[in-house]
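Please look at the sequence and the fold together, and follow one element at a time. The paragraphs below begin with a sheet and then move outward to the helices, a loop and the chain as a whole.

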Amino acid sequence: MFKFIDAKYRDILDIPELSIESGKITTLIGESGSGKSTALKMLNKMISPTQGKILYHGTNLNNINSVSHRRNVIMLSQKPVIFDGNVRDNLSMGFKFQGLELPTDDNCYKILEQVKLSKDLDSPANVLSGGEKQRLAIGRVLLLNPEVYLLDEPSSALDDATEEAIIQLVVQNAASQNKTIIMVTHSKIIAEKYSHVIIEISKGRVKRRFDNGRNN
């Protein structure tokens, strides 16, 4: 699906060669500042390699329209983006940006139930707690149903009791529809439990890549 070829970003990341397979959960691990989030941003076209290239289904990302690309490859940042308005507005925002038909209230409530956020669609979003905002952002991504989920510490704002349920939800959703997840996490437990492939990055370079032995 993705392939790094002599890809560098300034002095932060240097990946001579790396392939990320379709339909699998690939997790990037490593110390803070190692370049994991930079790699995700490159896959989302938020930033571009300063040298080399990244291919997506065999096409150089530089030759793919950024808006079109982000319809298929959606990134959920560590700090959730919450827009002005209510819960409904936030769940619908991605559809508005992409010029798509807005989700129905029924679909919105189903997603809220899945991410364990018991809120009315008319509830103001700015009063939600940090964990609730993260669950809302995850719900927005699930509604958009992209081909690829890029998750940057998706459970960072969640308490321990909610973390496992939310990660499991995203993973099950991806597995049931043959989606691809590329995830950054500091949690070795999450990485080992849910990943097909684990890639350790150290000082901007791939230190090791190994199959985690997960078959589903």
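In this predicted model, six strands come together in an open sheet whose order is 6-7-8-3-9-10, and their pairing is mixed. Helices (H or I, at least four residues) and strands (E, at least two) are DSSP runs, numbered from the N terminus, and two strands are said to pair if DSSP finds at least two bridges between them. The edges of this sheet are strand 6 (73-76) and strand 10 (205-211), each of which pairs on one side only. From one strand to the next the twist averages 15 degrees.

Before going on, a few conditions should be kept in mind: residues are numbered from 1 along each chain as its sequence is written, and side-chain values use heavy atoms, with hydrogens and water left out. As this is a predicted model, local features need pLDDT of at least 70 and side-chain atom pairs count only at pLDDT 80 or more, while totals for chains, interfaces and linings use all residues.

Within the six-stranded sheet, strand 6 and strand 7 (148-152) run parallel and are joined by four bridges, and one pair to look for is Met-75 with its bridge partner Leu-150 in strand 7. On to the next neighbour, strand 7 pairs with strand 8 (residues 180-184) in the parallel sense over five bridges, where Asp-152 has Val-184 of strand 8 as its bridge partner. Further along, four bridges join strand 3 (residues 25-29) to strand 9 (residues 197-202), and these two also run parallel; here Ile-29 stands opposite Glu-200 of strand 9.

Why is strand 7 largely enclosed by the rest of the structure? Five of its five residues are buried, where buried means under 20% relative accessible area, exposed means over 50%, and partly exposed lies in between (1.4 Å probe, protein chains only). In a regular strand the side chains alternate between the two faces of the sheet. In strand 7 both faces are covered, with Val-148, Leu-150 and Asp-152 buried on one side and Tyr-149 and Leu-151 buried on the other.

A helix also belongs to this part of the picture: helix 5 (130-144) lies across strand 6 and strand 7, and its direction is at about 175 degrees to strand 6. Such axes are lines fitted to C-alpha atoms, for helices over the stretch in contact, and the angles run from 0 to 180 degrees between N-to-C directions.

Helix 5 appears again beside helix 4 (residues 105-114), whose buried residues are Cys-108, Ile-111 and Leu-112. These three cover an arc of only 100 degrees around the axis, which puts them on the same side of helix 4; the arc is that of the directions from the helix axis to the C-beta atoms. Asp-106, Lys-110 and Glu-113, on the other side of helix 4, are exposed. The cover over the buried residues includes helix 3 (87-98) and helix 5, and a contact here means heavy atoms within 4.5 Å. After helix 4 comes Lys-116, whose phi is positive, near 60 degrees.

The second sheet is also open, with four strands in the order 2-1-4-5 and antiparallel pairing. Strand 2 (13-20) and strand 5 (59-60) stand at its edges with a single partner strand each, so one side of each is left without a neighbour in the sheet. Strand 5 is joined to strand 4 (residues 51-56) by two bridges, the two running antiparallel, and Leu-55 stands opposite Asn-60 in strand 5. Helix 1 (residues 36-43) packs on this sheet, where it touches strand 1 (2-9), strand 2 and strand 4, and its direction makes about 120 degrees with that of strand 1.

Between strand 6 and helix 3 there is a loop that holds Ser-77. Is this residue buried, exposed or partly exposed? At 28% relative accessibility, Ser-77 counts as partly exposed, and, not counting residues up to four places away in sequence, it touches Gln-134 and Asp-152.

Taken as a whole, the protein chain has seven helices and ten strands, and buried residues make up 50% of its 216 residues. Along its principal axes the C-alpha trace spans about 50 × 35 × 30 Å. Of the contacts with a separation of 6 or more, 65% are between residues 24 or more positions apart.
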